Amino acid sequence: MYYLNMLWDYGFSLMVAAGLLCLFALVNKIYRSMLISENYGNLAVLITGCDTGFGHKCATQLDTLGFNVYAACLTQDKVKELKSKCSSKMTAFQMDVTSEESVKEGFNLVKNSLSSDKGLWAIINNAGVVGSFGACEWFNKSHYQETINVNLLGVIAVTNTFLPLVRKSKGRIVNMASVVGRFSTIPAPYTVSKFCVEAYTDCLRREVAKMGVTVHTLEPGGYQTNITDYKLHSKTADKVFQDLSPELQDYYGKNFPTKLTRLVRIFFYVLVSKSLNEVTDAYIHAVTARFPKTRYVIGFNANILFRPLALLPTWLADICVIIPYPKPQGCI
């Protein structure tokens, strides 16, 4: 009888805990689903990296919702493409986030087109590149610079330049990070840049909170964009490998780039999602929700694979990565 009572108490406690979790999930869903009361037509949003992928899709969605969208593209051809498919309210313009002069020109364009009493409701720092692909030892300073210049320094330049306009409207800043900003994997330059974005965004969020500005981080998993283009990775890996010294090439072996990209190709085939809407919906929520999330971890592979890996003890997480990683030819 004692054991039956103990079993009943244990089961009852589990049911209460499950009920509380369900209640919390329901309340949280309702809380997060509440939207801002402002008329979208009175709000302006700046998005960078609108040439392709998430930025392009997000710009068109926000335009459809009625926002005054300022879509920054790297090339003039993409500016024309966006203008042709969006409403007359869309302002698509050319801006290179790695150029201070270009960012300042973009700022002047946006500021001059806004009425004197209006600011920016949101900045979406979407622009990003994957950079070179390969092993850590293959990269020099320039490989890291080409990625960090866009993924980190571009975010900082745009944020610092446009922050006065966001502060004016007590708006929001949304930064694109990645799940590899919380769990390191290849290629190193990209992962390093995203770790830096995470750190910068955390610092910024805490500093501007008392200004009435909120800051939000997106951490998508793998999605079918240029970032996960297997052919692009294979091409850049071969190029970086060919620039190595003959001694280093002999150590790794001529087939190592193929082995490395094959590993990534398998990962992409199994886990990469085609549902770009999952990411753009997170962007839209961060802009339109009354109570947006501080951090959006997006996608099946992000939540089921990378998030748990980041919580594992370091030695166990290392094993998970080391086992499938190819072995250089020169290893004894």
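Reader: What makes strand S1 and strand S4 a pair, and in which sense do they run?

Author: In this predicted model, S1 (residues 44–47) and S4 (residues 122–125) share three bridges. Pairing needs at least two bridges. So the two strands count as paired, because three bridges meet that cut-off. The sense is parallel.

Reader: Which residue stands opposite Ala122 of S4?

Author: Val45 stands opposite Ala122.

Reader: What makes S3 and S7 edge strands?

Author: Each pairs on one side only. The order of the sheet is S3-S2-S1-S4-S5-S6-S7. This sheet is open, has seven strands and pairs in parallel. S7 covers residues 295–298.

Reader: How are neighbouring strands of this sheet turned against each other?

Author: By 15° on average, with direction ignored.

Reader: How do you know which strands H6 lies across?

Author: By contact, which means heavy atoms within 4.5 Å. H6 lies across S1, S4 and S5 (172–176). Its angle to S4 is about 175°. Angles run from 0 to 180 degrees between N-to-C directions, so a value of about 175° puts H6 and S4 in nearly opposite directions.

Reader: What does H11 touch when it packs on the sheet?

Author: Helix H11 (residues 277–288) touches S1, S4, S5, S6 (214–220) and S7. The direction of H11 makes about 160° with that of S5.

Reader: How do you know that the length of H4 agrees with its number of residues?

Author: H4 has 14 residues, 100–113. At 1.5 Å a residue, the expected span is 20 Å. The end C-alpha atoms of H4 are 20 Å apart, so the two values agree.

Reader: Which residues of H4 are called buried, and why are they said to share a side?

Author: Buried means under 20% relative accessible area. In H4 the buried residues are Ser102, Val103, Gly106, Phe107 and Val110. They cover an arc of only 140° around the axis, so they sit on the same side of H4.

Reader: What is exposed on the other side of H4?

Author: Glu100, Glu101, Lys104 and Asn112 are exposed there. The cut-off for exposed is over 50%.

Reader: What covers the buried residues of H4?

Author: The cover includes strand S2 (68–73), strand S3 (91–94) and helix H6 (153–169).

Reader: How much of the whole chain is buried, and how much area is exposed?

Author: Buried residues make up 45% of the 332 residues. The chain exposes about 17700 Å². Carbon and sulfur atoms supply 59% of that area.

Note on methods. Residues are numbered from 1 along each chain as its sequence is written. This is a predicted model: local features need pLDDT of at least 70, side-chain atom pairs count only at pLDDT 80 or more; totals for chains, interfaces and linings use all residues. Side-chain values use heavy atoms; hydrogens and water are left out. Buried means under 20% relative accessible area, exposed over 50%, partly exposed in between (1.4 Å probe, protein chains only). Accessible areas come from the Shrake-Rupley method with a 1.4 Å probe; for residues, only the protein chains shown count as cover. Helices (H or I, at least four residues) and strands (E, at least two) are DSSP runs, numbered from the N terminus. The expected span of a helix is 1.5 Å times one less than its number of residues. The arc is that of the directions from the helix axis to the C-beta atoms.
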